[in-house]
Structures are given as C-alpha cells and as structure tokens.
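Open the model in your viewer and keep the sequence panel in sight. Each stop below gives a selection and then what to look for.

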Amino acid sequence: MAALLRSRFVGGSILKVADLNPLVLKAEYAVRGQILQRAMEIEADIKAGNAKWPFDRVVRCNIGNPQALGQTPPKFARQVLSMIMNPELLATGVSSYSTEVLERARTYATAIKGGVGAYSDSKGVRIVRDEVAAFIEQRDGYPSDPEAIYLTDGASAGVRHLTQLLLRGPQDAILAPSPQYPLYSALATLGNGSIAPYYLDEEADWSVAVDELERAYAAAAKAGNIPRGLVIINPGNPTGASLTREALDGIVHFCQRRDLVLLADEVYQENVYGTAPPFVSLKKVMRDLRADDVPLVSFHSISKGFTGECGLRGGYFELANFRTDVRAQLTKLASISLCSNVVGQIGVGLMVNPPTSPEEKSAYEADRDAKLDSLERRAELVADALNALPGVSCARAQGALYLFPNIEVPPKAVDAAAAAGLQPDAFYSLRMLESTGLVVVPGSGFGQKNGTWHFRTTFLPSPDDIESVVARLAGFHRGFLEEFADPAEPAHPSPSSDL
Ligand SMILES: Cc1ncc(COP(=O)(O)O)c(C=O)c1O
C-alpha cells in the first residue's frame with residue numbers, strides 16, 4: 001500500500017489539475033500571465049550563459065512595481081520602520097536619525113501593544129486608522145470615521161473582501177471597466193460571480209460616459225444578471241486616465257439611480273500629471289452631491305504614488321453609507337485572516353501622515369516632487385515615441401503608471417497569431433519580448449473593444465534606461481511592420497525621428 005502511494009506521488013498524479021476548483025482554473029490574471037512566464041524562461045537562459053538572445057537582460061514593463069525598476073524607498077518611512085522592527089534601536093536611538101523619526105517610532109511602538117510581531121485587531125491598529133481618517137478629512141473636507149476604515153494587505157485584499165461580500169452567485173454582476181486591471185475579473189470569477197463590462201472611451205482620453213454605463217447595465221440585466229456594484233479606477237489602470245469632475249458627478253448619480261455599491265479604486269491618487277484633471281475622491285463627490293444613499297468603498301495603497309512600497313503590502317479601504325450590521329460582516333471577513341500584516345499597516349500610517357518637522361518635511365517634499373516630476377517626464381517621452389510610430393496611437397498618461405497604446409496589427413500578423421493560437425496583441429507582445437527583452441502586457445488581458453489591439457507598458461524604467469527602452473521598442477515595431485507587410489501595400493514612410 002505504502003509503495004503504491006509512493007509511486008503515485010512520485011508520478012505526480014495524486015492531485016490532478018482536473019481535480020481542482022474549476023473557478024481557480026477559469027480565473028485569469030494577464031499582468032503575470034503567459035508573456036511573463038516566457039520572460040522568466042529567457043532570464044534563466046541568459047543567466048545560464050546562453051547567448052542566443054539579442055539583448056543581455058529582460059526589462060519588466062509589465063507591472064507597476066516601481067522599486068523593482070530602481071525607484072528608491074521613502075527614507076523617513078523606512079527609518080521609522082527600521083526602528084520599529086528592531087526594538088534595540090528604539091531604546092538606544094540612532095545618531096544619524098532625526099528626532100522626528102525617533103518620536104514617530106516611539107509613538108507607534110507605545111500604541112501598538114505587542115509590536116509588529118503580534119496580531120492586531122482585524123481592522124488594523126487604531127492609531128493608523130485614526131491617521132487615515134485624519135488624512136481623508138483633510139483631503140475631502142468631510143468627516144471620516146476610523147471605525148469605517150479597514151487596513152489591508154495592499155488594496156487587493158480589500159477588493160477581495162468586497163467581491164466576497166457582494167457576489168452571491170453567477171447571476172450577480174459587477175460593472176467594471178474595459179479595459180480593466182484584471183484583479184476585478186479574476187476575483188469575480190473566483191467568487192462565482194460575473195463581470196459586466198462597460199467600455200472606456202478611447203477617443204475621449206479613456207473617460208467614463210454615463211450612456212455607456214447605462215448600456216452596460218441594461219445589457220447585464222437583459223442577460224439575466226443582477227448588477228450589484230460599479231468599479232471605477234481613477235486614475236485608470238491600464239489607461240492612465242484622470243476623470244473629470246463632470247464624469248465623477250455622473251458616476252455617483254448613476255449609482256444612486258441604479259442602486260449600486262460604488263467601488264472606487266483610487267490607488268493612483270498621487271499620480272496625476274501636468275494639466276490633467278486633478279484628482280477628486282469619489283467620497284468628496286458623493287458628499288458634495290449629498291448622495292448619502294450610495295454605499296461607497298474607497299481603496300488606497302502604499303504600492304503606488306511616490307511611495308511605491310509594493311512589497312510591504314499595505315492598503316486600506318473606507319466604507320461610507322454602510323449599515324453597521326453590514327460593516328460587521330466585513331469585519332468578520334477580515335477576522336478570518338486574523339489581521340493584515342502590521343508592518344504594512346504602519347507603512348499606511350507613514351504614507352498618510354508624512355513628517356512635519358522642517359528638516360524632514362523639506363527632504364520629504366523634495367523627494368516626492370523629484371519622483372513625480374521624473375515619472376511625468378518619462379510618461380511624456382514614451383508617449384511621444386509611441387505616437388511617432390506608424391500604426392500606433394497613444395493617449396497621454398494623465399495619471400497612474402501606464403500607457404496603453406493602440407496598435408494596428410497587419411493582417412499577415414493576425415494570420416500568424418491565429419496559426420500560433422494567440423491573440424494578435426499577445427503575438428505582438430511575445431515577439432517584442434523575444435526580440436528586445438521588454439515585457440509588456442497584451443491589451444487582450446485587460447479587455448478592449450472588438451477589433452482593436454493594444455498593449456500596456458509602464459514608464460517605470462529608470463531615467464538612465466528609459467531612452468534605450470523606447471529605442472528598442474520602436475526598432476522592434478518597425479521591424480514587425482516590415483516583416484508582416486502586405487507586399488501590395490506601400491511601405492510606411494520613414495519617420496523624421498530617429499526613435
Ligand atoms: C488599479 C489597481 N488597483 C489595485 C491594485 C493592487 O495594489 P496593491 O494590492 O499592491 O495595493 C493595483 C496594482 O497594480 C492596481 O493597479
């Protein structure tokens with residue numbers, strides 16, 4: 001018997017994929033999908049000394065992970081965290097750290113019983129929830145209740161709680177943008193619910209139009225679905241759009257009319273560039289409009305902005321217009337995983353409550369401005385280069401960390417993609433990876449209008465790298481068009497730019 005079990009185990013056949021939860025098999029997450037798998041194989045190949053690739057390293061532009069591409073961590077926050085992690089430093093102090101660092105660290109240490117190694121309350125430590133509430137009040141000019149704030153392992157964990165809470169079965173749908181950051185579709189699939197896509201308007205800087213929301217609502221209802229919530233990602237991923245006040249007003253009124261829970265993903269609220277519409281939270285819009293019958297959940301994160309602390313896994317959500325008994329169900333959900341990680345919770349406190357002493361404040365602000373200015377410059381540079389390419393048009397990034405260019409894929413390439421069993425933009429992205437080492441995500445992983453093709457790239461490579469990244473991308477694109485050109489069609493004219 002033991003021998004039989006062992007042989008089945010060695011053969012790897014005890015647990016088969018076919019035995020797994022079909023919802024897990026169905027869920028997709030393109031940001032870390034097929035192209036990244038291939039990129040990892042190529043990286044291993046390069047490391048093993050195989051020189052067959054025409055580049056010496058892979059550059060991961062597939063994900064908004066700023067510190068992986070060279071962004072420095074925020075200094076004040078890391079100094080406070082280092083003291084909290086090491087109680088000896090807290091006792092002795094560190095001569096090169098400022099008084100404010102020491103005071104902040106001691107304040108957290110005193111307030112958080114048991115320190116970062118102990119479970120906290122399920123909603124997160126009270127001191128940080130108070131800091132978040134103060135931040136929201138200051139940002140919006142309306143009260144915020146610390147009891148309605150939940151600290152989470154990144155925004156993702158909060159979104160998971162909300163989809164679990166809202167989706168009762170396959171008939172329930174969440175209206176989500178197309179293109180969409182695929183967290184929402186993946187979690188809806190896992191939760192055995194549905195996504196009802198509404199299309200963002202590419203011609204209008206990827207804005208949200210109320211007519212389109214109504215169309216998506218009606219289509220979902222006609223298909224027998226019950227729309228439960230509406231996801232708004234502002235600033236947008238993958239589109240980079242920053243929504244106008246008019247659009248935000250329309251969204252709140254739509255939720256009011258249609259009895260929907262409004263899920264406001266505002267993780268990019270610090271990333272708004274140039275003359276784009278400034279960030280306004282949906283909480284403020286809801287309160288301005290006195291729409292106190294619209295249940296609203298707002299998500300934020302330490303992964304983005306200029307903090308970029310993706311690996312610390314910190315985030316929060318705030319509930320507004322939620323009944324106390326419904327909130328209790330969310331608290332129960334949070335308590336099933338005991339609590340979010342406490343280092344990430346303090347990371348949230350440090351994001352929403354930056355230093356105030358003159359020396360720390362000026363260093364903090366200089367660092368923030370330099371990082372945001374640099375992101376803006378890189379966004380412009382990549383968008384200009386993309387728009388100079390034949391068959392490519394790219395809306396400028398008004399916010400977030402991404403560009404989502406529209407690419408015309410030549411018919412011969414569409415045929416080649418079909419022969420390879422790939423969507424045309426996946427074929428394009430794979431070819432880009434294999435000829436340049438750049439990892440981007442095909443538009444089909446986010447959803448897009450039928451017949452259009454895109455890819456998403458971050459503009460996060462460091463200022464030293466970005467020009468060479470752009471030149472590689474442009475070289476690849478021209479080569480791709482040449483390779484798949486229809487001999488009957490005249491070639492695209494040469495560009496004046498040398499990109
Ligand atoms: C729109 C959006 N929401 C949520 C997240 C999740 O972020 P995290 O879980 O790191 O806070 C991301 C990450 O890229 C995102 O782009």
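The tour goes through a strand and its partners, a helix pair, and two single residues. Keep in mind that this is a predicted model.

**Stop 1: strand E5**

Select residues 226–233, which form strand E5. Is this strand enclosed or open? Six of its eight residues are buried, so E5 is largely enclosed by the rest of the structure.

Now add strand E3, residues 172–178. E3 and E5 pair in the parallel sense, over four bridges. To see one of these bridges, pick Ala-173 and look for its partner in E5, Pro-227.

Next, add strand E6, residues 261–265. E6 and E5 run parallel too, joined by five bridges. Pick Ile-232 here: Ala-264 of E6 stands opposite.

**Stop 2: helices H10 and H11**

Hide the strands. Select residues 210–222 for H10 and residues 245–258 for H11. The two helices pack with their axes 10 Å apart, at an angle of about 30°. That angle makes H10 roughly parallel to H11, because angles under 35 degrees count as roughly parallel. The crossing of the two helices is right-handed.

Show side chains at the contact. Which residues of H10 and H11 make it?

- From H10: Val-210, Leu-213, Glu-214 and Tyr-217.
- From H11: Gly-250, Ile-251, Phe-254, Arg-257 and Arg-258.

Color this set by class. You should find five nonpolar residues, three charged and one polar.

**Stop 3: Arg-327**

Move to helix H13, residues 324–336, and select Arg-327 in it. Is this arginine buried or exposed? Arg-327 counts as buried, at 19% relative accessibility; the cut-off for buried is under 20%.

Now show what surrounds Arg-327. Leaving out residues up to four places away in sequence, Arg-327 touches Asp-145, Glu-147, Ala-148, Tyr-150, Leu-319 and Phe-322. Label these six in the viewer and step through them one at a time.

**Stop 4: Ala-370**

Go on to helix H15, residues 358–387, and pick Ala-370. How accessible is Ala-370? Its relative accessible area is 44%, so Ala-370 is partly exposed.

Finish with a distance. Pick the C-alpha atoms of Ala-370 and Leu-330. The two residues are 40 apart along the chain, and their C-alpha atoms are separated by 39 Å.

Conventions: Residues are numbered from 1 along each chain as its sequence is written. This is a predicted model: local features need pLDDT of at least 70, side-chain atom pairs count only at pLDDT 80 or more; totals for chains, interfaces and linings use all residues. Side-chain values use heavy atoms; hydrogens and water are left out. Axes are lines fitted to C-alpha atoms, for helices over the stretch in contact, and angles run from 0 to 180 degrees between N-to-C directions. Angles under 35 degrees count as roughly parallel, over 145 as roughly antiparallel, 65 to 115 as roughly perpendicular and the rest as oblique. A crossing is left-handed if the near helix is turned anticlockwise from the far one by less than a right angle, and right-handed if clockwise. Contact means heavy atoms within 4.5 Å. Ala, Val, Leu, Ile, Met, Phe, Trp, Tyr, Cys and Pro count as nonpolar, Asp, Glu, Lys and Arg as charged, and the others, Gly among them, as polar. Buried means under 20% relative accessible area, exposed over 50%, partly exposed in between (1.4 Å probe, protein chains only). Two strands pair if DSSP finds at least two bridges between them.
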